[in-house]
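Subject: Structure for your files, with notes

Dear colleague,

Please find below the structure that I promised to hand over, followed by my notes on what was found in it. I would be glad if you read the notes with the coordinates open beside them.

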Amino acid sequence: MVTRTALAALAAAALTLPVGLVAPATASHGGGQDIRTSGHCSGAAHWRLKAKPDDGRIEVEGEIDSNRAGQLWRWTFKHNGSVSARGSKKTAGASGSFEVQRRMADLAGKDHFVFRATHRGQVCRGTIAY
């Protein structure tokens, strides 16, 4: 009896496996929800990174908070290893922060983003998969 049950389970698994392998790739990562992460930079600053769905694309937002207004930071966004955007921005306001937003293509499978910003030797680097 145990042998028949084990064989039936194995046969059922073998029949369902090919269906899962040919299913179309989905681009609805994260269940339509925001994903957030944050951390410390090599100096006193902090970084935050957020990804969320935006009309068939992924909006990625990187933020640096150094608590010092007027600092010029150079930043880069990478998407799956390729540079998607880069620039420079000054920290502003009482919080001494800045943020950068970009809408990226929503590729099949997981999308991996890296936000990197530097200022006078200080490095901030955050990663997020969506």
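Arg-120 is placed in the loop between strand S7 (112-119) and strand S8 (122-129), where helices (H or I, at least four residues) and strands (E, at least two) are DSSP runs, numbered from the N terminus. Although Arg-120 is not a glycine, its phi is positive, at about 45 degrees, and its relative accessible area of 81% makes it exposed; the classes are buried for under 20% relative accessible area, exposed for over 50%, and partly exposed in between, with a 1.4 Å probe and protein chains only. Asn-67, in the loop between S3 and strand S4 (72-79), likewise has a positive phi, near 65 degrees, in a residue other than glycine, and Asn-67 is exposed at a relative accessible area of 55%. As background, most residues other than glycine have a negative phi, and most peptide bonds are trans.

Before the rest, two remarks on provenance. The model is predicted, so that local features need pLDDT of at least 70 and side-chain atom pairs count only at pLDDT 80 or more, while totals for chains, interfaces and linings use all residues. Residues are numbered from 1 along each chain as its sequence is written, and side-chain values use heavy atoms, with hydrogens and water left out.

On the overall architecture, the protein chain has one helix and eight strands, which run α-β-β-β-β-β-β-β-β from the N terminus on. Of the 130 residues in the protein chain, 31% are buried. Among the contacts with a separation of 6 or more, 54% are between residues 24 or more positions apart, a contact being heavy atoms within 4.5 Å. The protein chain exposes about 8,100 Å², of which carbon and sulfur atoms supply 54%; accessible areas come from the Shrake-Rupley method with a 1.4 Å probe, and for residues only the protein chains shown count as cover.

Two buried residues deserve a look together. Ala-45, in the loop between strand S1 (35-40) and strand S2 (46-54), is buried, with a relative accessible area of 1%. Leaving aside residues up to four places away in sequence, Ala-45 touches His-40, Ile-64, Asp-65, Ser-66, Trp-73, Gln-122 and Cys-124; from Ala-45 to Ile-64 the separation is 19 residues in sequence and 6.9 Å in space, C-alpha to C-alpha. His-119, which lies in strand S7, is buried as well, at a relative accessible area of 11%, and, with the same neighbours in sequence left out, touches Gln-71, Leu-72 and Trp-73. His-119 and Ala-45 are 74 residues apart in sequence and 9.9 Å apart in space, C-alpha to C-alpha.

Turning to charges, side chains of opposite charge can pair when their charged atoms come close. The structure holds four salt bridges, each defined as a side-chain nitrogen of Lys or Arg within 4 Å of a carboxyl oxygen of Asp or Glu. One of them joins Asp-54 and Arg-103, at 2.9 Å from N to O. This pair links distant parts of the chain, with Asp-54 in strand S2 and Arg-103 in strand S6 (residues 97-105), 49 residues apart; Asp-54 is partly exposed at 23% relative accessible area, and Arg-103 is partly exposed at 42%. Another joins Arg-48 and Asp-65, whose closest N and O atoms are 4.0 Å apart. This pair, too, links distant parts of the chain, from Arg-48 in strand S2 to Asp-65 in strand S3 (residues 57-65), 17 residues apart. Arg-48 is partly exposed at 37% relative accessible area, whereas Asp-65 is buried at 15%, and both belong, with Glu-63, to a network of salt bridges. Asp-34 and Arg-36 also form a salt bridge, with the closest N and O atoms 3.4 Å apart; here Asp-34 is partly exposed at 35% relative accessible area, and Arg-36 is exposed at 59%.

Finally, which residues form the positive surface patch? They are Lys-78, Arg-86, Arg-116 and Arg-125. Patches are made of residues with over 30% relative accessible area and no salt bridge, like charges being joined within 9 Å and nonpolar side chains (Val, Leu, Ile, Met, Phe, Trp, Tyr) within 5 Å. Lys and Arg count as positive and Asp and Glu as negative, while His and the chain ends are not counted; the place of a charge is taken as NZ of Lys, CZ of Arg, CG of Asp or CD of Glu. Within the patch, Arg-86 is found in strand S5 (residues 82-90) and is exposed, with a relative accessible area of 58%.

With best regards
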